[in-house]
There are 2 protein chains.
Amino acid sequence: MEDGRNTPVNIYDIAELAKVSIATVSRVVNGSDKVSPATRRKVEKIIEEVGYTPNAFAKGLGLNTMHTIGIMVPSVADAFMAEAVYNIEQELGQYGYDCLLNCSGFRPEDKKKKLEVLLSKHVDALILIGSTYAGHGNDGAETDYIRGAAKRVPVFVINGNVKGDNVFVTVCDDMSAVADVTERLVRSGRKKVIFLTDSRSYSANKKRRGFEEALARAGLPLSEDRIHYVKNDIRAVRDYLEKNPVTFDAAVATEDAIAIGVMKYAHSVGLRVPEDVSVTGYNNSRMALACEPELSSINNGLAKMCTSTVQRLMAVLDGEDGQTVERKVVIPCAFVERGTTALGK
Amino acid sequence: MEDGRNTPVNIYDIAELAKVSIATVSRVVNGSDKVSPATRRKVEKIIEEVGYTPNAFAKGLGLNTMHTIGIMVPSVADAFMAEAVYNIEQELGQYGYDCLLNCSGFRPEDKKKKLEVLLSKHVDALILIGSTYAGHGNDGAETDYIRGAAKRVPVFVINGNVKGDNVFVTVCDDMSAVADVTERLVRSGRKKVIFLTDSRSYSANKKRRGFEEALARAGLPLSEDRIHYVKNDIRAVRDYLEKNPVTFDAAVATEDAIAIGVMKYAHSVGLRVPEDVSVTGYNNSRMALACEPELSSINNGLAKMCTSTVQRLMAVLDGEDGQTVERKVVIPCAFVERGTTALGK
């Protein structure tokens, strides 16, 4: 016993040794024709070398995977991410898959560590939610950990763009959405639109670019005091504006909480919303209905991003190692106008 | 191969056959003295009968459990539950445990089904978050599914009270919290306090009882139009009050969104908050800071409930099958006063 000779070799060991997914090992074992001859030979060679005997019970019932998908978010306490996890959990459940959840925070070393934890649990695939996982969007060394994980299982990224084999991304068209809203604010007569964000992530940078391009198209100067980096926290934003007086008649925020912080500031200094100041938020969260007036917000198509991700994930797990599945899907955003703007059509 | 003779018997099979937890099987296998002689004999007999050989590698490294805790919530899209899941995931992570998340919804048949799914994944324990799992709190047949699960793994319930072997509960003192706030509203001069809730769950019923007892102590009549059952939705509450005119000068709500719905109604009919109408919410969610004025809310000690749950769970997994671990812990609530009330001290 102590010499380990009773330790069974399992499907995960084979997948790791052959550097293929467990789905592929499963296909080889079950004689599926959706495997290339080269891959089949490689897997069969390993199986022979290590003396792997597929578990008959598991084989018969198709239980040779855990039917578990690893989900990673920075924090599920965030409303946007909680809703994404909820949508994904519900949709995966319909396919008989369960979720192993990990909250990684935002520090690179923690992301890497938590990803390793999920992989060590033999998940069938990974879904990473949040543009933070895409770093600055330039596919540098900072996202190597994702490409590394994708050598073992398919990796799906929601709201962030990462290139790599076996990496699938679903993003929303943030740049156009912010550009459109900014343009409409200018057209409605606003002279000084400012932009507030809490992040320099891939998605936040796209939003900023949309804002800048809209100003450029309108022939407006991009002065320093147009762009503000703040905390994603209502009171912090209010306090920031009180300490750093900026003249503005419209504010485009990359989070609903930031927009509501602007409204709190406006209220405290006696500016009326939307008469004196227009405000727009992002994500169209429940919070948008709590403030007074209700907040106009960009709906980033979260539900659609989740649906597309799960559908493609299932196609990859069922299919030809992802050769025929779309690597990148872009979901359009929609502006939901409420009481904090008066843009009309 | 097809006759199944290569199918290894694992620790989960033994636990199921012996009707004990995997922790207990692990203790027997590892020679721990924290097992009663009777239990030890029972487990050893099964091990002998089925010819189980503990995996030496797993045994040495203590890997004979999956180190995974099943978490069930009705919906992780709910802010309260998302925060609970986040807290628990973070704390479990510090002990090297991962979370398998399941969102069950509120229908009894779905709760039972989802619980079975989690159990089939060989989790080491279950955490159920939400008073909905406790039914009406009378420990009738409606909570038998929890006692059934507890025969296989320890079950921890947060915010709901269920009695049973191997069932551990953590609740907050909702009744006192609502009674205190109601009493203070009456003492501050409010003549007509109403109560709004969205549920008849164990926890909602305790809140209602707190409200009724405070009125009784103050010698106030409990007329029909004091208690209102509404949807947990800002706009639905506003619409409800517009359609069902009730005279009131204070409202105690069992959810922040309900309280904000009352504020929206007050705003639409020209009542000032808190001058004409006082409003209190529950859970002290992020939403409480979004409305204007900010919402006074009862903080139900969620973070402390989560910490207590995880600490006791670890004690049970490490210890003597829960004999020495507190079965029920009651966490006090705290009232956080903001702009929607003027109660003073």
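User: Two strands count as paired if DSSP finds at least two bridges between them. In this predicted model, what makes E5(A) and E11(A) a pair?

Analyst: Strand E5 (residues 167–172) of chain A and strand E11 (residues 328–331) of chain A share 4 bridges, in the parallel sense. The bar is at least two bridges, so they pair. One contact to look up: A:Thr170 has A:Val329 in E11(A) as its bridge partner.

User: Which residues make up the covered face of E11(A), and which the uncovered one?

Analyst: A:Val329 and A:Ile331 form the covered face. A:Lys328 and A:Val330 are on the uncovered face.

User: Over to chain B. Why is strand E1(B) called mostly covered?

Analyst: Buried takes under 20% relative accessible area, and 6 of the 6 residues in E1(B) (residues 68–73) are buried, so the label fits. B:Thr68, B:Gly70 and B:Met72 point one way, while B:Ile69, B:Ile71 and B:Val73 point the other, and all are buried.

User: How do you know which strands E1(B) pairs with?

Analyst: Count bridges again. With E2(B) (residues 98–103) there are 6, parallel, and B:Ile71 is partnered with B:Leu101 there. With E3(B) (residues 125–129) there are 4, also parallel, and B:Gly70 sits opposite B:Leu126. Both counts reach at least two, so both are pairs.

User: Why is the β-α-β unit of E1(B), H5(B) and E2(B) given the handedness it has?

Analyst: Helix H5 (residues 79–94) of chain B joins E1(B) and E2(B) in a right-handed unit. That means the path from E1(B) over H5(B) to E2(B) runs clockwise when the strands point away from you.

Note on methods: Residues are numbered from 1 along each chain as its sequence is written. Chains are lettered from A and ligands numbered from 1 in the order in which they are written. This is a predicted model: local features need pLDDT of at least 70, side-chain atom pairs count only at pLDDT 80 or more; totals for chains, interfaces and linings use all residues. Side-chain values use heavy atoms; hydrogens and water are left out. Buried means under 20% relative accessible area, exposed over 50%, partly exposed in between (1.4 Å probe, protein chains only).
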